[in-house]
Structures are given as structure tokens and as C-alpha cells.
Amino acid sequence: MIRNTVLIAKKELLSYFVSPVTYVVAGLFFLTNALFFYLFIKEARGDFEAITGYFFSWLGFWFLALFIPPIITMRLVADELRLGTIEMLMTAPSSDLGVITGKFFAAQLYSFLLWAPTPILFMIAQWSGATFDWGIIWAGYLGAILVYSLFCAIGIFTSALSDSPLLSMLLALVFELALLFLMFLRSYSSAPYAEVISERYSLWHIMSETLLRGIVNTSHIVFLVSLTALFLFLATRALEFRRWK
């Protein structure tokens with residue numbers, strides 16, 4: 001199964017790099033981050049620690065995080081189901097889990113490649129005289145990769161639910177926004193559990209209040225990885241159900 005999973009991941013990854021949209025997304029991603037990084041440096045006025053916080057928790061960071069994973073995953077399963085090619089894929093032989101994990105690893109690696117050039121921004125700024133705590137920077141990158149991995153898993157799950165890529169993307173956005181805005185739960189409820197959930201499980205809190213303060217909390221990492229695994233499991237069950245429906 002591992003061999004077939006790797007083959008599926010390679011196939012999907014190669015399909016990204018033959019599409020012009022892939023390069024447009026990558027270019028816009030880097031240029032957007034570069035532009036705002038420059039603006040953050042001007043705004044910070046020498047407070048270089050604040051730049052790291054801006055870079056990994058500004059609204060644009062979350063805007064890109066909300067939309068890029070659904071865009072790169074919305075067709076991964078939906079198109080296979082719509083075009084009827086899923087049956088050909090399953091004759092590989094490959095299990096439902098192998099198909100889902102293969103497509104997930106391709107999307108996850110593409111997300112990683114999007115982030116890979118951005119440390120250059122910090123290096124250029126440091127070469128120009130800025131000073132950064134690289135421990136906090138790498139903690140921010142860890143959080144970004146975990147968030148993008150989770151959102152890719154959600155995107156693959158919703159792609160397995162519908163034949164329509166657009167509907168898949170919209171469903172993914174609903175799930176992502178629900179996880180992101182858990183931080184507002186305590187504003188609408190005075191119950192003790194509301195504050196606990198907001199502080200422990202809000203993606204905004206995990207990024208802004210822990211990782212970007214240099215605190216790598218194992219429980220947060222386990223939570224994000226477990227949630228990613230849960231959505232991959234749900235995607236596998238959804239694919240199995242749709243194939244045999």
C-alpha cells in the first residue's frame with residue numbers, strides 16, 4: 001500500500017506543476033507575503049520581534065490559509081468522482097486510505113513548497129541590520145505547516161463529499177472558519193468549558209499566544225496532528241461510501 005500511496009502522491013504533485021494556476025498561486029503567495037513583510041518592517045519601527053508576530057498572525061496570513069488549501073485540494077477527489085476515474089485509480093491496487101493519503105501528501109508537500117522561499121525575507125532583513133529570535137520564527141513556521149496540513153486534510157474530506165470542486169471549497173471554508181473562530185466562543189458563553197475550548201483549541205490562540213511567544217506546547221501539536229488524522233479518516237470513509245453507494 002505504501003508504494004501505491006507514494007505513486008499517487010507523485011502523480012498528484014506532478015499534476016500541480018503542469019498547471020499554470022499552480023505557478024500563479026505560488027507567485028501571488030510569495031509576493032503577498034513579501035509585500036506585507038516590507039510593510040511590517042516599516043510599521044514595527046525597529047521592534048523586530050513584532051515583525052514575526054505580524055507575519056504569522058496577521059489577517060492576511062489567515063486569509064491565505066483559509067483559501068489556498070481548499071483551492072489546491074478541491075479537485076483532488078471531486079474530479080475523480082465526477083469523471084468516473086476513481087474506479088480506474090482503485091484498480092491499482094490501492095485502498096481508499098492509500099488514495100486519500102497519497103493525495104494528502106501531495107497537497108501537503110505543495111503547501112510546504114509555498115512556504116519554503118519565505119525565510120529569505122527574514123535573512124534579507126537580518127543582512128540589512130535587523131535582529132530576530134530564530135527560535136520564534138521556526139516555531140511560527142511549525143504552526144503554519146501544521147495549520148496548512150490540517151486545512152489540506154479538511155479540503156480532501158470535503159472533496160470526497162461532493163462531485164463539485166466549488167462546493168468542496170465552500171464546505172472546507174465552513175469547517176476552517178469554525179475552527180478558527182473558536183476563539184470567540186467565550187464571548188458568547190459564560191460556561192467554564194467555553195474559555196477552556198477558546199484557549200486550548202482555537203487555531204488563532206495556538207498561533208498567537210503560544211507558538212509566537214516561543215512556546216511549543218506538545219498538547220497543541222498533538223491536537224492539530226490528531227485533528228488532521230481525523231479528517232483523513234473521515235475522507236477515507238466518505239470515499240468508501242460514495243464508491244459503493
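P70 sits in helix α4 of this predicted model. With a relative accessibility of 1%, P70 is buried, because anything under 20% counts that way. Leaving out the neighbours within four places in sequence, P70 is in contact with A65, M169, A172 and E176. One of those partners, E176, is 106 residues away from P70 along the chain, yet the two C-alpha atoms are separated by 9.6 Å.

Now for a couple of residues with a bit more surface. R82 belongs to helix α5 and has 45% relative accessibility, so R82 counts as partly exposed. Which residues does R82 touch, once those up to four places away in sequence are set aside? They are R75 and D163. D163 lies in the loop between α9 and α10 (165–180). Its relative accessible area is 33%, so D163 is partly exposed too.

The three sequence-distant pairs are easiest to read side by side.

| Pair | Separation along the chain | C-alpha to C-alpha distance |
|---|---|---|
| P70 and E176 | 106 residues | 9.6 Å |
| R82 and P165 | 83 residues | 9.4 Å |
| D163 and L81 | 82 residues | 5.9 Å |

Zooming out, the chain has 14 helices and zero strands, which makes for a plain pattern when read along the sequence: α-α-α-α-α-α-α-α-α-α-α-α-α-α. Of its 245 residues, 49% count as buried. Take the contacts with a separation of 6 or more, and 75% of them turn out to join residues 24 or more positions apart.

Helix α3 (residues 48–57) deserves a closer look. Why can α3 be called largely enclosed by the rest of the structure? Seven of its 10 residues are buried, so the surroundings take in most of the helix. The buried ones are A50, I51, T52, G53, F55, F56 and S57.

Some of that burial list comes back when α3 meets helix α9 (residues 134–161). Two packed helices are described by the angle between their axes and the distance between the axes. For α3 and α9, the angle is about 5° and the axes are 10 Å apart. Angles under 35 degrees count as roughly parallel, so that is the label for α3 and α9. On the α3 side, the contact is made by T52, F55 and F56, and each of these is among the buried residues of α3. On the α9 side, the contributors are I136, I137, G140, Y141 and A144. A bit of helix geometry is handy for reading such lists: an α-helix has 3.6 residues a turn, so residues three or four places apart point the same way. By class, the residues of the α3 contact with α9 split into six nonpolar and two polar, with no charged ones.

Next, the empty space. Rolling a probe the size of a water molecule over the atoms shows where such space is left. The largest pocket comes out at about 420 Å³. Of the 18 residues lining the largest pocket, S15, Y16, I72, R75 and L76 are the closest to its centre. R75 is also one of the two residues that R82 touches. Elements giving two or more residues to this lining are α1 (2–17), α2 (20–44), α4 (59–73), α5 (78–83) and α7 (96–115). Which of them gives the most? That would be α1, with four residues. In terms of chemistry, the pocket lining has eight nonpolar, four polar and six charged residues.

There is also a closed void to consider. The structure holds one cavity of 30 Å³ or more, and the largest cavity has a volume of about 30 Å³. Its lining is made up of L146, I206, T210, L211, I215, N217, H220, I221 and L224. Helices α13 (203–210) and α14 (218–244) are the elements that give two or more residues to this lining. The largest share, three residues, comes from α14. How does the cavity lining divide by class? It has six nonpolar residues, three polar ones and no charged ones. The pocket lining, for its part, includes six charged residues.

Note on methods: Residues are numbered from 1 along each chain as its sequence is written. This is a predicted model: local features need pLDDT of at least 70, side-chain atom pairs count only at pLDDT 80 or more; totals for chains, interfaces and linings use all residues. Side-chain values use heavy atoms; hydrogens and water are left out. Buried means under 20% relative accessible area, exposed over 50%, partly exposed in between (1.4 Å probe, protein chains only). On a 1 Å grid over the protein atoms alone, a cavity is a set of points where a 1.4 Å probe fits but cannot get out, and a pocket is an open set with protein on both sides within 12 Å along at least five of seven lines; lining residues have an atom within 4 Å of a point. Grid points are joined across faces, edges and corners, and a volume is the space filled by probe spheres set on the points. Ala, Val, Leu, Ile, Met, Phe, Trp, Tyr, Cys and Pro count as nonpolar, Asp, Glu, Lys and Arg as charged, and the others, Gly among them, as polar. Axes are lines fitted to C-alpha atoms, for helices over the stretch in contact, and angles run from 0 to 180 degrees between N-to-C directions. Angles under 35 degrees count as roughly parallel, over 145 as roughly antiparallel, 65 to 115 as roughly perpendicular and the rest as oblique. Contact means heavy atoms within 4.5 Å.
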